[in-house]
Amino acid sequence: MHSARRTASGLPQGPGPAEPAAAAGPPDPGLAARTPPAEVRVRPARADEAAQILAFWRRAAEGVSISDDEDGVLRLITRDPQALLLAESEGELAGTVIAGFDGWRCHLYRLAAAPELRRRGVSSALLAAAEERFAALGGRRGDAMVLDRNEGAHRAWHSAGYRREPQWSRWVKPL
């Protein structure tokens, strides 16, 4: 079943690290043992999907950002049409990740999987597509924005090969 999953470029994706989940709270511990991986297709978001993406984030993502409005999503898609990646399973939105590259660093935001599809390969497929995008653009290292309180996401990102760098803090100023 794993060999049927595909990366953003359509290449087969084999089994990878444990599934990252963006929302708080661990899923049912027996779910992965009972449920086969989801068939996932990853593609860039379209402008006409902004409202659907925002509704999905309210259901599946943890936390709210100052940019979580239709104008913010449309600005992202207009500026970099390949940055906002969507995962689809059985024709439905199953997950998202923003894979932003500024020419210097590779930034990951808004990794979210539908609660009913967590631990079924959705986030792994999204991260594989994001990492493939970064490599094609010449990126050298991905970094992820993860809420401090989201312990489930900490475990998921760690299992995907990401490591916390405690010497760094995020400093922000709304404009």
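Three bridges tie strand 4 to strand 5, and the two run parallel. Strands here, like helices, are DSSP runs numbered from the N terminus (E, at least two residues, for strands; H or I, at least four, for helices), and two strands pair if DSSP finds at least two bridges between them. One of the links is H107, whose bridge partner in strand 5 is D143. To get from strand 4 to strand 5 the chain goes through helix 4, making a right-handed β-α-β crossover; right-handed means that, with the strands pointing away from the viewer, the path from the first strand over the helix to the second runs clockwise.

A word on the model: it is predicted, so local features need pLDDT of at least 70 and side-chain atom pairs count only at pLDDT 80 or more, while totals for chains, interfaces and linings use all residues. Residues are numbered from 1 along each chain as its sequence is written, and side-chain values use heavy atoms, with hydrogens and water left out.

Now the whole chain. There are five helices and five strands, and along the sequence they read α-β-α-α-β-β-β-α-β-α. Of the 175 residues, 42% are buried (under 20% relative accessible area with a 1.4 Å probe, protein chains only; exposed is over 50%, partly exposed in between). Among contacts (heavy atoms within 4.5 Å) between residues at least 6 apart in sequence, 68% join residues at least 24 apart.

The five strands make an open sheet in the order 1-2-3-4-5, with mixed pairing. Strand 1 (41-44) and strand 5 (142-144) are the edges, each pairing on one side only. Neighbouring strands are turned by 30° against each other on average, direction ignored; axes are lines fitted to C-alpha atoms, for helices over the stretch in contact, and angles run from 0 to 180 degrees between N-to-C directions.

On its other side, strand 4 (residues 106-113) runs antiparallel to strand 3 (residues 92-101), with six bridges between them. G100 has H107 as its bridge partner, and T96 stands opposite A112. Four residues lie between the strands of this hairpin, where G103 takes a positive phi near 95°. Seven of the eight residues of strand 4 are buried, so this strand is largely enclosed by the rest of the structure.

Two helices pack on the sheet, as follows.

| Helix | Strands touched | Angle with strand 3 |
|---|---|---|
| Helix 2 (residues 50-60) | strand 2 (84-89), strand 3, strand 4 | about 100° |
| Helix 4 (residues 122-137) | strand 1, strand 2, strand 3, strand 4 | about 30° |

Helix 2 also meets helix 3 (residues 70-79): their axes come within 9 Å and cross at roughly 115°. The crossing is right-handed, that is, the near helix is turned clockwise from the far one by less than a right angle (anticlockwise would be left-handed). Helix 2 brings A50, A51, I53, L54 and W57 to the contact, and helix 3 brings E70, V73 and L74. That makes seven nonpolar, no polar and one charged, where Ala, Val, Leu, Ile, Met, Phe, Trp, Tyr, Cys and Pro count as nonpolar, Asp, Glu, Lys and Arg as charged, and the others, Gly among them, as polar.

Last comes helix 5 (residues 151-159), where G152, A153, H154, A156 and W157 are buried. These buried residues pack against strand 4, helix 4 and strand 5. After helix 5 comes G161, with a positive phi near 100°.
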